[in-house]
Amino acid sequence: MGGGQGALLPALPPQTKGNMTDKSQVLWVSGPVIKAGGGRALSMYEVVEVGAQRLIGEVIALEGETATIQVYEETGGVRPGDEVTGQGAALSVEIGPGLLGQIFDGIQRPLKRLAQASGAFIARGVSARPLDRERVWTFTPILKEGDAVSGGQILGTVPETPALTHRVLAPPGVEGTLTYAAPAGEYTLEDAIARVKDAKGRETELFLWHRWPVRKARPYRKRLLPAEPLVTGQRVLDALFPLAQGGAAAIPGGFGTGKTITQHQLSKWCAADLIVYVGCGERGNEMTGILTELPALQDPRTGHALMERTILIANTSNMPVAAREASIYTGITLAEVFRDMGYAVALMADSTSRWAEALREISGRLEEMPAEEGFPAYLATRLADFYERAGSVITLNGDGGSVSVIGAVSPPGGDFSEPVTQHTKRFVRCFWGLDKELAAARYFPAINPMDSYSEYADAVAGWWAKEVDPAFKEMRDAALKLLQEDFQLQKIVKIIGEEALPDAQRLTLEAARWLKEGFLQQSAFDPLDMYCSPARQMKMLGLILATYGKAREILNRGIPFYQIQELEAVRDLLRMKAVIGEDRMGEFDELGKRLNESLEALAG
């Protein structure tokens, strides 16, 4: 099997490596960090169990005989002299049928089963297998005896949910000839479904599941350049600041600016086969809302429950801080697994600021030299390790798959100059900056075009031109230019007022208002407008820009600005998003014709 023994299994038999007669014992405790003597019996990043309650921890430093361990549970009651038992493997996740629709904590403990075992509050030391060993799955093999097998190859399929088929993978590192292939039938996770003999004659049994260490990126054959957008159905994102499939994006914003709601919209509407949502250090009531509302949502792509293609990792702010640090690695590893099956996966991390705060707290307990604002000097390295695991790849079995990462950032006071936001900007190519003033004005998504950018726009322009509209790039450039002119004019308006501007500049301000209110603003609660297809987006944007161009022409022919502003058809331009749906696209052309005729009528 791939990986090694995971963190969530019962203690293994006494180990046989190194000086195994040494006993590891707790020497010192500071919050989630402990130091243990007899460290030569342990390895870096090895999972350990601490004390009589067998609290789960991980070795994060070794110095001589002393091992430093971060514990993923509350350490109250742990004291010097308590025994520390190594498990012989790194922190790992279990990979197999049964992941979809589950709610895990930061180290992949299934919260529903933990609640059944210990009630509403998780007791310390309580553990459960992430995957149900008793459930029976219908397995259909793809390979047969005598076939060559290598790591990452698809052994067969299991219909995990109506929305998604689980493709059973040979663990990376396995290579040889198939000496046994189970026939199609019903199997549990404990039943062997294949045996592989390697070049040295050693046989390895394969199951419906295997393990993989969370801090190690899963291998692939080739990384691809971004070429196709991750369509979200949100106009400000798709049309102006697109994210490529396999790309990385950040959503920074202060409290109340709509980071979580934006990620909810992306979870529901983005063109991904699978969603992994990591609630990392969020408030308990906010996470409760996600856990109660998301399972009730219908998936617009399949018509089934959205949870059938979703994995939730819940690690709230009142849960142990060390598990928060591990949660994003657990999430990205699960995302990589489904990427290796050939799926497009979107990972939502909410929020990386809380993860960084956990890193800072652990660093302080370790008495490390702090850098900016108390964060450890290796903050940038850890952020890079996380975001660089996004990508569109050719998998080991030759399929194409992708992991798109969308990380929320919660800068204190909305200050984008703080370290987490600044370091994140170095490693993402798409930046959706949320604005507190826009949110206060009830303008959502509260994405400020002047603070936002996308370096994927040129890469995905070919897809837009081929699949949607050949004029995509020209329209996007024109829209951004209009918003930039509006931004400059607004500075002047604050000083002298809009009425003092010449008509040409007033028309620019008015056209920018059409663009912002009629196109960029989008309600997550409007059944007609909560999702906007690429074709509808281009129809709307093209209509606004064409109306602006025609209005400038009429203005140059001597018609005063106020007459253009008062046209009823112009008001229809602002209302079109709530009136013209996906099934009535021809009405955009009719509105365009009416606008053109109304403007021409002004000129006589």
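Which residues in H13 meet Leu-573, Met-576 and Lys-577 in H15? I shall open with that question, and then proceed through the rest of the chain.

The structure before you is a predicted model. In helix H13, the residues that meet these three in H15 are Arg-536, Met-540, Leu-543, Ile-544 and Thr-547. By character, the residues of this contact divide into 5 nonpolar, 1 polar and 2 charged. Two packed helices are described by the angle between their axes and the distance between the axes. Here H13 covers residues 534-556 and H15 covers residues 568-579; they pack at an angle of about 175°, and their axes are 11 Å apart. Because angles over 145 degrees count as roughly antiparallel, H13 is roughly antiparallel to H15.

Let me turn to the confidence of the prediction. For the chain, the mean pLDDT is 91, and 96% of the residues reach 70 or more. Among the elements, helix H4, at residues 284-293, has the lowest mean pLDDT, 72, while strand S26, at residues 453-454, has the highest, 98. Over residues 1-21 the pLDDT is below 50, although this stretch has 55 contacts in the model beyond near neighbours in sequence. Where pLDDT is low, the predicted coordinates should not be read in detail.

My next topic is the aromatic rings. How many aromatic pairs are there? The count comes to 7. A pair of aromatic rings is described by the distance of the centres and the angle of the planes. Trp-463 and Trp-464 form an edge-to-face pair, at 5.6 Å centre to centre and with 85° between the planes. Trp-464 also pairs with Phe-472: the ring centres are 4.7 Å apart and the planes stand at 10°, so this pair is stacked. Is Trp-464 buried or exposed? Its relative accessibility is 0%, and therefore Trp-464 counts as buried. Phe-472 is buried as well. Elsewhere, Phe-416, Phe-431 and Tyr-453 are linked by ring pairs into a cluster.

I come now to the backbone. Most residues other than glycine have a negative phi, and most peptide bonds are trans. Please look at the following places with that in mind.

Where is the peptide bond cis? One such bond joins Asp-350 and Ser-351, with omega about 5°. Ser-351 belongs to the loop between strand S22 (344-350) and helix H6 (352-365). Another cis bond runs from Phe-444 to Pro-445, with omega near -5°. Pro-445 is in the loop between helix H9 (436-440) and S26.

As for phi, Tyr-45 is not a glycine, yet its phi is positive, at about 65°. Tyr-45 lies in the loop between strand S2 (33-37) and strand S3 (46-50). With a relative accessibility of 37%, Tyr-45 counts as partly exposed. Gln-108 likewise has a positive phi of about 65° without being a glycine. Its place is in the loop between strand S8 (103-104) and helix H1 (111-118). Gln-108 is buried, because its relative accessible area is 0%.

Finally, I should like to show the surroundings of three residues, setting aside in each case the neighbours up to four places away in sequence.

The first stop is His-423, in helix H8, residues 419-427. Its relative accessible area is 17%, so His-423 is buried, the cut-off being under 20%. What is His-423 in contact with? The contacts are Glu-372, Leu-379, Ala-380 and Leu-383.

The next stop is Ser-267, in helix H3, residues 259-269. At 4% relative accessibility, Ser-267 counts as buried. Ser-267 touches Ile-275, Tyr-277, Leu-306, Arg-309 and Met-348.

The last stop is Ala-36, in strand S2. Ala-36 is buried, with a relative accessible area of 0%. Among the residues that Ala-36 touches are Gln-25, Val-26, Leu-27, Glu-65 and Val-84. The list also includes Thr-66, Ala-67 and Ile-69. Gly-518 is 482 residues away from Ala-36 along the chain, and the C-alpha atoms of the two are separated by 62 Å.

To return to the opening question, the contact of H13 with H15 brings Arg-536, Met-540, Leu-543, Ile-544 and Thr-547 to Leu-573, Met-576 and Lys-577. Thank you for your attention.

Technical notes. Residues are numbered from 1 along each chain as its sequence is written. This is a predicted model: local features need pLDDT of at least 70, side-chain atom pairs count only at pLDDT 80 or more; totals for chains, interfaces and linings use all residues. Side-chain values use heavy atoms; hydrogens and water are left out. Axes are lines fitted to C-alpha atoms, for helices over the stretch in contact, and angles run from 0 to 180 degrees between N-to-C directions. Helices (H or I, at least four residues) and strands (E, at least two) are DSSP runs, numbered from the N terminus. Angles under 35 degrees count as roughly parallel, over 145 as roughly antiparallel, 65 to 115 as roughly perpendicular and the rest as oblique. Contact means heavy atoms within 4.5 Å. Ala, Val, Leu, Ile, Met, Phe, Trp, Tyr, Cys and Pro count as nonpolar, Asp, Glu, Lys and Arg as charged, and the others, Gly among them, as polar. pLDDT is the predictor's confidence in each residue, from 0 to 100. Rings of Phe, Tyr and Trp (its six-membered ring) pair if their centres lie within 6.5 Å; planes under 30 degrees apart count as stacked, over 60 as edge-to-face and the rest as tilted. Buried means under 20% relative accessible area, exposed over 50%, partly exposed in between (1.4 Å probe, protein chains only).
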